[in-house]
Amino acid sequence: MIKRFTEEQIERLKSLTGGSVSFGVSLSSFTSFKVGGRAEALYEPKDIEELSMVISFANVASLPYVVIGRGSNILVRDAGIGGLVIRFGRKIAGLRLEEKVNRHELICGAGAQLKDLMRFCADEGLSGLEFLAGIPGSAGGAISVNTGAFGSDIGGKVTGIKVVKPDGSVEAIEGRDLHFGYRELSLGRGWIVVEGAFAVERAEKEDVRGRIKDFIRKRNEKQPLDAPSAGSIFKNPPGDYAGRLIEAAGLKGMQRGGARISPVHANWIVNIGGAGSDDIIGLINTARERVKEVSGIELELEIRILGDES
Ligand SMILES: Cc1cc2nc3c(=O)[nH]c(=O)nc-3n(C[C@H](O)[C@H](O)[C@H](O)COP(=O)(O)OP(=O)(O)OC[C@H]3O[C@@H](n4cnc5c(N)ncnc54)[C@H](O)[C@@H]3O)c2cc1C
């Protein structure tokens with residue numbers, strides 16, 4: 001890991017965060033792949049105000065930072081991440097409903113998990129977000145990558161977000177000013193999503209519960225959920241499926257070290273035990289090369305690879 005902090009900066013960070021920062025922590029337990037080296041500094045913000053102070057300090061000190069939520073759409077390299085890793089845990093994670101004149105908005109902190117949103121919607125009788133059931137992410141992460149499933153994506157439901165910018169300022173942005181693409185949201189460099197608002201509708205609680213269960217059942221039927229992974233590795237190219245192309249290239253089940261292209265779903269790589277980031281990156285590169293040779297299509301990554309190259 002390339003160290004970025006001076007001793008003085010470490011002391012300053014500790015005092016800004018009241019000590020809620022740890023140094024040299026392994027990130028593997030903070031990613032769904034269960035892979036990844038150490039974070040030079042891992043910080044879980046207590047509230048938006050504290051985060052703003054930390055970000056403006058990092059900005060002035062030219063310290064790099066990356067943000068993670070549940071770590072379910074990332075691969076962290078074994079060399080780890082120098083600088084600051086900001087993780088949204090359970091602290092900025094409140095959920096509330098705002099009833100407006102002719103619409104309802106579910107507002108939540110970036111650290112709320114999608115499963116918390118599902119529970120809230122089922123308990124309150126709110127419909128519109130059920131397609132997210134079973135996806136293991138945070139609200140902030142899901143908004144940042146425009147998580148989607150079964151033909152819908154979260155961007156289509158977002159009515160607004162709040163961000164912290166690198167200078168520490170907090171800005172509210174209306175949904176109509178956000179530009180969501182396929183598994184992406186164009187945000188300014190270094191902006192951090194701290195809150196999201198979603199359009200929901202009143203519905204019978206039992207109906208909402210039923211739809212959530214249905215979506216989870218559909219997932220269980222076709223996804224290899226018994227081993228650590230990060231879900232789909234590649235985006236589906238227009239008019240085709242990355243999984244079909246990888247399978248057609250003869251790679252389903254291919255293994256490298258502790259990583260394997262899932263025999264159940266070829267667009268998933270699973271950690272079958274002790275995988276290193278190089279094992280997974282090796283399979284990613286092989287899949288890209290072979291699919292290009294066989295089908296002429298260049299696959300684009302859906303997951304984000306973070307961390308220092310060793
Ligand atoms: C079993 C399984 C099933 C999955 N199924 C699906 C699926 O059906 N559809 C789908 O789209 N995805 C799926 N995923 C991928 C993933 O769960 C989602 O994309 C999830 O919403 C990502 O949220 P996260 O909190 O884990 O983000 P992370 O993985 O922690 O981060 C993802 C990216 O967002 C950035 N980021 C995170 N939080 C913030 C923030 N607050 N502000 C700014 N940037 C931020 C990170 O820097 C990173 O670049 C699946 C993953 C698994 C393991």
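**A walk from a central strand to the ligand**

Let's start in the middle of things: Cys108 stands opposite Gly196, a residue of strand β15. This is a predicted model, so local features need pLDDT of at least 70 and side-chain atom pairs count only at pLDDT 80 or more, while totals for chains, interfaces and linings use all residues. Residues are numbered from 1 along each chain as its sequence is written, and side-chain values use heavy atoms, with hydrogens and water left out.

Cys108 is one of the residues of strand β7, which covers residues 104–109. As for the names, helices (H or I, at least four residues) and strands (E, at least two) are DSSP runs, numbered from the N terminus. β7 and β15 run antiparallel and are joined by 6 bridges; two strands pair if DSSP finds at least two bridges between them. β7 also pairs with β6 (residues 95–99), again in the antiparallel sense, over 5 bridges. Have a look at Glu99, which stands opposite His104 of β7. The link from β6 to β7 is a hairpin, made through 4 residues.

So is β7 buried or exposed? 6 of its 6 residues are buried, so the strand is largely enclosed by the rest of the structure. Here buried means under 20% relative accessible area, exposed means over 50%, and partly exposed is in between (1.4 Å probe, protein chains only). In a regular strand the side chains alternate between the two faces of the sheet. Both faces of β7 are covered: one side holds His104, Leu106 and Cys108, the other holds Glu105, Ile107 and Gly109, and all of them are buried.

Now on to the ligand. How many residues surround it? The count is 33, and the closest are Val67, Gly69, Ser72, Ser138 and Gly148; a residue is near a molecule or strand if one of its heavy atoms lies within 4 Å of it. Sorted by class, this shell has 15 nonpolar, 14 polar and 4 charged residues. In that sorting, Ala, Val, Leu, Ile, Met, Phe, Trp, Tyr, Cys and Pro count as nonpolar, Asp, Glu, Lys and Arg as charged, and the others, Gly among them, as polar.

Where does the ligand lie? Domain 1 (7–87) and domain 2 (95–222) both give residues to its shell, so the ligand lies between them. Those domain bounds come from an automatic or database domain assignment.

Zoom in and you'll find some polar contacts, meaning pairs of N or O atoms within 3.5 Å; within protein, one must be able to donate a hydrogen and the other to accept it, and residues adjacent in sequence count only if both atoms are side-chain atoms. A polar backbone atom of Arg70 is 2.8 Å from an oxygen atom of the ligand. Ser72 joins in with its side chain, where an N or O atom sits 2.6 Å from a ligand oxygen. At Asn73, a backbone N or O atom lies 2.7 Å from an oxygen atom of the ligand. Taken alone the ligand exposes 970 Å², and the protein buries 91% of that; accessible areas come from the Shrake-Rupley method with a 1.4 Å probe, and for residues only the protein chains shown count as cover. Two or more residues of the shell come from each of β3 (65–68), α4 (139–145), β9 (148–149) and β15 (192–202). α4 gives the most, with 5 residues.

Right after that helix there's a nice detail. Asn146 lies in the loop between α4 and β9, and its phi is near 50°, a positive value in a residue other than glycine. Asn146 is buried, with a relative accessible area of 1%. Lys34 has a positive phi too, near 60°, in the loop between β1 (21–26) and β2 (38–43). With a relative accessible area of 45%, Lys34 is partly exposed.

Go back a little along the chain to Thr17, in the loop between α1 (7–16) and β1. Thr17 is buried at 4% relative accessible area. A polar atom of its side chain lies 2.9 Å from the backbone oxygen of Leu13.

Last stop: an open sheet of 3 strands with the order β16-β17-β18 and antiparallel pairing. β16 (255–256) and β18 (269–271) stand at the edges with a single partner strand each, so one side of each is left without a neighbour in the sheet. Strand β17 (residues 259–261) is joined to β18 by 3 bridges, and Ile261 stands opposite Ile269 in β18.
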